[in-house]
Every structure is written in structure tokens, then in C-alpha cells.
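User: Could you take a close look at one part of this model for me, the buried polar side chains in the helices, and tell me how far the coordinates around them can be trusted? Some context on the whole chain would help too.

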Amino acid sequence: MAGKRSRSQGQLESQVLDALWDADREVTSQELLESLDDGIALTSLLTVLSRLVDKELVNRRSGEGRSLLFKAAVTRERHAADQLLKIIGATDNPALAFAHFAKGLDKKSLQALRDSLG
């Protein structure tokens, strides 16, 4: 039980988003719960999904009967880019942050960055 309580809200949100990206289709909360297979209570999952809907990271719509369907609203790559932009926007010296970031990239990732910059 201690493991469940020690999991942060951000970690659970990341797990849910990863499961939605991996599903690559609309899923019910029950399907999502089964794919997480991490002892998460349905009520906790629904709370996290509601937060992610509020953050516009997840789309929710009515399914058959009383079921709800969920799907990621943004791609994994778009979300990663948005997170990077948020982090860079919070620094006083973006050039230095970019330099540290680039030093941490492997050759393949550095080449992909160069290619994306044109």
C-alpha cells in the first residue's frame, strides 16, 4: 500500500498518458485500468483522467450506455515539445540551457535536432 501512496500525481498522469499513447485509439476507463496493471483504483484513475481532460491533454466523450471513452488529445512528441518549451521558458539563460541540452544528446539525436532546424 505504501507504494501506491508514494506515487506522485505527475507520475500517475505520465503513466496514464503513456497507456493512452500506446493504445492509439479511444479506450474505456476499464480498458485503461487493465492496461496499467498497477493496482490503481478506478476512482484514482478517473480523477487523473479528469485532470488530464482539464489540461486539454485527453479527450473524453460518451460511449455506449454510461461508458466514457478517452483518447490522448496530443501526440507523445507534441507533449514532449510542450514540456521542453515550458522548461526553456522558465530559464533566464535559454542559450545556456540549450547548450547543456545539446551536450546530453547522442549523435543520432543531435543529428535529428540539426535536421529539424533546417
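Analyst: Confidence comes up front, since this is a predicted model: the mean pLDDT of the chain is 90, with 94% of its residues at 70 or more. The weak spot is at the start, where residues 1-6 have pLDDT below 50. Beyond near neighbours in sequence, that stretch has two contacts in the model. Ranking the elements by mean pLDDT puts helix H1 (residues 2-6) lowest at 46, while strand S3 (residues 68-72) is highest at 97. Where pLDDT is low, the predicted coordinates shouldn't be read in detail.

Now the overall layout. There are seven helices and three strands in the chain, and going along the sequence they run α-α-β-α-α-β-β-α-α-α. The chain is more spread out than a compact globule, because its radius of gyration is 18 Å, well over the 13 Å that the globule rule gives for 118 residues. Along the principal axes, the C-alpha trace spans about 50 × 35 × 25 Å. Buried residues account for 22% of the 118. If you take contacts between residues at least 6 apart in sequence, 44% of them join residues at least 24 apart.

On to the close-up, beginning with Glu13. You'll find Glu13 in helix H2 (residues 9-23). Its relative accessibility is 9%, so Glu13 counts as buried, the cut-off being under 20%. What does Glu13 touch, leaving aside neighbours within four places in sequence? The partners are Val48, Arg51, Leu52 and Lys55.

The other one to look at is His79, which sits in helix H5 (residues 76-89). With a relative accessibility of 16%, His79 also falls under that 20% cut-off and therefore counts as buried. Not counting residues up to four places away in sequence, His79 is in contact with Leu17, Trp21, Leu57 and Val74.

For the charges and the surface, here's the whole-chain picture. The chain carries 17 positive and 17 negative charges, and their mean positions are 4 Å apart. As for the outside, the accessible surface comes to about 8,500 Å², and carbon and sulfur atoms make up 52% of it.

So when you go back to the model, have a look at Glu13 in helix H2 and His79 in helix H5, and keep in mind the pLDDT below 50 over residues 1-6.

How values were computed. Residues are numbered from 1 along each chain as its sequence is written. This is a predicted model: local features need pLDDT of at least 70, side-chain atom pairs count only at pLDDT 80 or more; totals for chains, interfaces and linings use all residues. Side-chain values use heavy atoms; hydrogens and water are left out. Helices (H or I, at least four residues) and strands (E, at least two) are DSSP runs, numbered from the N terminus. The radius of gyration is taken over C-alpha atoms; the globule rule is 2.2 Å times the number of residues to the power 0.38. Buried means under 20% relative accessible area, exposed over 50%, partly exposed in between (1.4 Å probe, protein chains only). Contact means heavy atoms within 4.5 Å. Accessible areas come from the Shrake-Rupley method with a 1.4 Å probe; for residues, only the protein chains shown count as cover. Lys and Arg count as positive and Asp and Glu as negative; His and the chain ends are not counted. The place of a charge is taken as NZ of Lys, CZ of Arg, CG of Asp or CD of Glu. pLDDT is the predictor's confidence in each residue, from 0 to 100.
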